[in-house]
Each structure stands twice: as structure tokens, then as C-alpha cells.
Amino acid sequence: MGSTSWGLSTSKPKLLAYALFSAPYSFVVFLLPFYVFEVGGDKAAVGISFAMYALAIVVFRPAAGWLADVVGRRVTNIAGGVALAVAMAILGISTELSHIYTALFLAGVGSSLINVAMIAYVSDVGGLENPTLYSKMRIAAALGAVGGGFSIPAAYVLSKAWGYAAAFKALAVAMSLTTVVALALVPEETARLALRHKSGDVAAAFCITAMGFFIGAATGVYGPQILPYIYAKFSLSPFAAVLVYLPAVVAWLIGPKLARPTALSAIIGGALMSAALVAMYHSPNPALFSAVWLAESLGIAIVSTSLDQALSRHVKGAYWGRGYGVYQSVYNMGYALGAAASGFLPNPFYTALLPLVAFFALAAICQGSRRISPTGSPAPRLGLG
């Protein structure tokens, strides 16, 4: 689509700031678990750290959605960027677990503000008519995470001279500065293209939100424990364990392009996740585990993007921020519960299949009640269609 009477382009969302805001993701996910070990924590502390992040999202994301709708996408984005920068700075001076928990909680607050504002922004500038814009948003985040992934070899080099803890803290400060730079690139305020979409379906939005809860619970159960698991099982060094993940980055560049705002797309993504989890637990070597991890990442990329695409179709445009805020809060409530329990489970991969079974059951129920349509349409009223 070209420019509209509202004076905005509906085909070229500005996503550079979002990509930079996503850079700390790789740094935290792949390097934080080993830093937790450095300050005396164990795998339970790793799970609690990520649960603190998700807890902040559960608490603050509905308020972030309200802020994005009432105050504006740009202001909400900037507030989130400031919170994220401060969180990384706290990691940069941290010396104990309580500092890590505080930083992760504040990072969750920043993430709440940034992600709700950005997805509402993408909806504003044409996501309802062109669902591939949500895919572009996800790919921008993936590219940012890839950029943040350069912290991994940097940590390896610096740790040789300074030790791991000092290297981690120096890179946390670098991530804070990167986030500050991104503040200058936050897109301008949108002109409320959301006002074009005046219809909604609460029951359909509830179905999508409930499905998100079970996907979140599944990823929370196994996600925080993957690196500690392969570190222990295959006797890998921390950096070798991270290298096992690298092929999975490709999934986040492809998976969002395959997603559609349909029930079938979400179910296919969930099925791919389920099969991959079983294979991950039984993988006999790092190479096979890496290949299966790519499949798992492809599945979660498809299902999560599908749900993102679907929700805007069933929430009135004036409430997009609040709708996404509630959805992401519920999603991360599931993640927080799963992450908090993950360190105490003997087999998080198999345990994660339980919420996925609930996800499939709910999808079938919603589909059977016609709350979820199996196919897409330009302006649907019910379900994921």
C-alpha cells in the first residue's frame, strides 16, 4: 500500500530502533546463565532469573498497552528503551544474584513497553491489511539478536584476559550504550491508522490469548534450561554450547515469513515444536541437537508470529495496544510459571509437551466453536482466520 489520507506510508515501517533494542536478547539468553554460575547460582537460579523477566511482563504489559494507546507509541517506546538501558547498566555493575534478578525484572518492564508499542505501531501502519509486516518486525528483531550475538565471541576473547565475570559486565555496559543509541531512532508517532478498524470479537481474542498462555508455558519450561542441559550432557565449554544454537538463528529469519493469521499455521508451528522437543532430549551428539534446535526455533517462530498476526483482526484498532498488552501478559504468565519450575524438573523437554497438548486441545475447541477459522481473509470477524 502507498501513502494514505492520514499522511503515513503503510508499507515501510521503521524498524531499526526495534532491531537495536533486540540486541541484548542474545547477550542475556546465551551468556547470562553462565554468569549466574559465576556469582554462585545454580540452574534453579537461572530459571528464577528468567522468571523475573517474565513476571515483569505479566505485571506491566497491560499498563504498557494502555500507555501505547493513550499517550502514544513513540513515548512508550522511548520509556521502554530507557528502562532497558538501565537494566543492562545494572548487569554491568552486578556482583550477586539479587542484582541479576533486579536487572532482569527491569528488562522485562522495558520489553513490555517496547514490544507493545512496536506491534501496535506495525498494526497502525498497515499490519491488518498486510500481515507480512508482522513478519518483517520479527525478522528485524532476529537481525538485532544476531547482531547482539557478536557479544558471544567478544566474551570469549575478553574472558581470556579478564575472566568471564568481568567480560560479561563489560559487554552489559556495551549493550546499555547500544540501547541509548537506539533511542534516537525510535519512529515518529503514528497518526492513528488504527481508527480504521472499528470491529472486534472478544471471544476470538480470548481464544488467541489463551493459546498464547500455553505456548508461553511450554517455552518457559524448557527454554531457560537448554544451554545448561547441553553444557552438562555433552561436556561442552560455555562457548561451545552457545555455538550449538547458531544454526537456529536461521529459523527466525525464515519462520516469520511462513506464518499466516490462521489456525492451521499456528497448529503446524506447535506440532513442529512438539516433535523437536522429543528429538532434542534424545539427540546423541551436539551436531544433531543443533539441527533439531533449528526445527524447534522454526516452530516457535511460526506459531508466535501467527498469533501476533491474528490478534489485531479481532481487537478494535483503538485498543490494539491494550489488546497486545493483555495477550503478551498472559503469554508471559505462562512463561514465568514454566521458567520458575524449569530448574526443578528432571526432563523439561518432555514436561513442556503437557502445555502443548493443552494448546492443541484449545485450538480444536475454538475451531469447533467457529471461534477460529481455518483460512485467512482480509477482514475476518471470528478466530484466527
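These legends walk through several close-up views of one predicted model. Residue numbers start at 1 along each chain as its sequence is written, and side-chain values use heavy atoms, with hydrogens and water left out. Since this is a predicted model, local features need pLDDT of at least 70 and side-chain atom pairs count only at pLDDT 80 or more, while totals for chains, interfaces and linings use all residues.

**View 1. The whole chain has 17 helices and zero strands.** Helices here are DSSP runs of H or I with at least four residues, strands are E runs of at least two, and numbering goes from the N terminus. The C-alpha trace spans about 60 × 45 × 30 Å along its principal axes. For 385 residues a compact globule would have a radius of gyration near 21 Å, and the chain's 20 Å agrees with that; the radius is taken over C-alpha atoms, and the globule rule is 2.2 Å times the number of residues to the power 0.38. Buried residues account for 57% of the 385, where buried is under 20% relative accessible area, exposed is over 50% and partly exposed is in between (1.4 Å probe, protein chains only).

**View 2. Asp 69, Arg 73, Asp 124 and Arg 322 share a network of salt bridges.** A salt bridge is a side-chain nitrogen of Lys or Arg within 4 Å of a carboxyl oxygen of Asp or Glu. Asp 69 meets Arg 73 at 2.9 Å, N to O. Asp 124 also bridges to Arg 73, with the closest N and O atoms 2.8 Å apart. Asp 124 sits in helix α5 (residues 97-127) and Arg 73 in helix α4 (residues 73-92), so this pair ties together parts 51 residues apart in sequence. Arg 73 is buried at 2% relative accessibility, and Asp 69 is buried at 9%.

**View 3. Asp 308 and Arg 138 pair up in another of the five salt bridges found.** Their closest N and O atoms are 2.5 Å apart. The pair links distant parts of the chain, with Asp 308 in helix α14 and Arg 138 in helix α6 (residues 132-148), 170 residues apart. Asp 308 is buried at 4% relative accessibility, whereas Arg 138 is partly exposed at 22%.

**View 4. Phe 34 and Phe 37 make an edge-to-face pair.** A search of the whole structure turns up 15 aromatic pairs. In this one the ring centres are 6.2 Å apart and the planes sit at 75 degrees. Rings of Phe, Tyr and Trp (its six-membered ring) pair if their centres lie within 6.5 Å; planes under 30 degrees apart count as stacked, over 60 as edge-to-face and the rest as tilted. Both residues belong to helix α2 (residues 23-38), three residues apart, or about one turn of the helix. Phe 34 is buried at 5% relative accessible area, but Phe 37 is partly exposed at 28%.

**View 5. Lys 169 in helix α8 (residues 164-183) has contacts well outside its own stretch of sequence.** Not counting residues up to four places away, Lys 169 touches Tyr 35, Leu 91, Gly 92, Ile 93, Ser 94 and Thr 95, contact meaning heavy atoms within 4.5 Å. With 23% relative accessible area, Lys 169 is partly exposed.

**View 6. Ser 290 lies in helix α14 (residues 286-311).** At 9% relative accessibility, Ser 290 is buried. Leaving aside neighbours within four places in sequence, Ser 290 is in contact with Val 244 and Pro 247.
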